[in-house]
Amino acid sequence: MRRLHDRFFNQAKREGKLARSVYKLAELDRREKLFRRRDRVLDLGASPGSWLEYILEAIGPEGAACAVDLQPIHRKFKGRAHFLLRDARELRGDEFVRIAPGGFDALVSDMAPNTSGIRIVDQARSLELCGCALDLAGRLLREGGNFACKIFCGPETEAFRRRAGGFFKTARLRKPAACRTESIEAYFIGLDFVSGRYGNGGRKVDF
Ligand SMILES: C[S@@+](CC[C@H](N)C(=O)[O-])C[C@H]1O[C@@H](n2cnc3c(N)ncnc32)[C@H](O)[C@@H]1O
């Protein structure tokens with residue numbers, strides 16, 4: 001039976017974190033070095049805000065983060081976080097021109113569809129969100145930028161990994177310890193973006 005209150009849930013409660021998912025990002029960042037001080041970061045699927053809180057800490061007071069979600073974020077993050085209550089699939093890119101005029105240093109997506117309980121349907125919906133995140137990464141990441149994206153693993157995962165992997169010098173799938181054992185989720189990691197390999201030939205369409 002699925003245990004709702006595992007050690008990461010209890011740890012998050014003890015440490016006052018907004019969600020247990022922060023430990024997934026912390027592990028990914030520890031292993032992959034996704035963020036640096038002063039980075040500009042785009043966080044897709046950001047509510048309730050545990051990743052955003054982690055990112056703001058990682059990039060420091062001179063960094064800036066932009067967060068997007070269909071749901072609001074209730075915690076206030078003094079000044080350095082810009083929040084858009086939007087469907088990421090409808091973003092064009094020019095929303096971010098003021099915040100990251102030279103492109104983002106990192107783009108992360110923890111977007112997850114509402115689950116139907118039908119595995120193949122949920123995988124297809126997750127894949128659509130991954131495609132959206134990858135497309136935004138292609139348009140908004142600066143040369144050398146980093147990407148992390150939640151994916152519900154299924155028959156199309158390998159094809160996504162190959163396609164997305166082509167845009168980065170390093171690419172892999174990771175399943176952090178905080179992902180529930182029974183969960184089909186994993187994270188695609190792309191490091192060191194090569195804009196010339198992206199479909200638009202490196203031109204940042206919306207800048
Ligand atoms: C697992 S939660 C994210 C948790 C978050 N990373 C945190 O640590 O607090 C997944 C989020 O994806 C958002 N989401 C799903 N589809 C989306 C879309 N099309 N555009 C924007 N956000 C979306 C959901 O509203 C939900 O808040």
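The legends below describe close-up views of a predicted model.

**View 1. The ligand in its pocket.** The ligand sits in the largest pocket of this predicted model. Around the ligand there are 20 residues. Ser50, Asp69, Asp87, Ala88 and Asp110 are the closest of them. By residue type, the shell around the ligand consists of 8 nonpolar, 6 polar and 6 charged residues.

**View 2. Polar atoms beside the ligand.** Three residues, Ser47, Pro48 and Asp69, each place a polar atom beside an oxygen atom of the ligand. For Ser47, a polar backbone atom is 3.2 Å from an oxygen atom of the ligand. For Pro48, the distance from a polar backbone atom to a ligand oxygen atom is 3.3 Å. Asp69 takes part through its side chain, where an N or O atom is 2.6 Å from an oxygen atom of the ligand. The ligand taken alone exposes 600 Å², and the protein buries 87% of that area.

**View 3. The peptide bond between Ser47 and Pro48.** The bond from Ser47 to Pro48 is cis, and its omega is near 10 degrees. Pro48 belongs to the loop between strand E1 (40-44) and helix H3 (50-59). Both residues of this bond also appear in View 2: a polar backbone atom of Ser47 and one of Pro48 are listed there with the ligand.

**View 4. The backbone at Arg38.** Arg38 is not a glycine, yet its phi is positive, at about 70 degrees. Arg38 lies in the loop between helix H2 (22-32) and E1.

**View 5. The salt bridge between Arg180 and Asp6.** Side chains of opposite charge can pair when their charged atoms come close. Here the side chains of Arg180 and Asp6 form a salt bridge, with 3.8 Å from N to O. Arg180 is in the loop between strand E6 (168-174) and strand E7 (185-193), and Asp6 is in the segment before helix H1 (7-15), so the pair ties together parts 174 residues apart in sequence. The model has 19 salt bridges by count.

Technical notes. Residues are numbered from 1 along each chain as its sequence is written. This is a predicted model: local features need pLDDT of at least 70, side-chain atom pairs count only at pLDDT 80 or more; totals for chains, interfaces and linings use all residues. Side-chain values use heavy atoms; hydrogens and water are left out. A residue is near a molecule or strand if one of its heavy atoms lies within 4 Å of it. A polar contact is a pair of N or O atoms within 3.5 Å; within protein, one must be able to donate a hydrogen and the other to accept it, and residues adjacent in sequence count only if both atoms are side-chain atoms. Accessible areas come from the Shrake-Rupley method with a 1.4 Å probe; for residues, only the protein chains shown count as cover. On a 1 Å grid over the protein atoms alone, a cavity is a set of points where a 1.4 Å probe fits but cannot get out, and a pocket is an open set with protein on both sides within 12 Å along at least five of seven lines; lining residues have an atom within 4 Å of a point. A molecule sits in a cavity or pocket if more than half of its atoms lie within 2 Å of its grid points. Ala, Val, Leu, Ile, Met, Phe, Trp, Tyr, Cys and Pro count as nonpolar, Asp, Glu, Lys and Arg as charged, and the others, Gly among them, as polar. A salt bridge is a side-chain nitrogen of Lys or Arg within 4 Å of a carboxyl oxygen of Asp or Glu. Helices (H or I, at least four residues) and strands (E, at least two) are DSSP runs, numbered from the N terminus.
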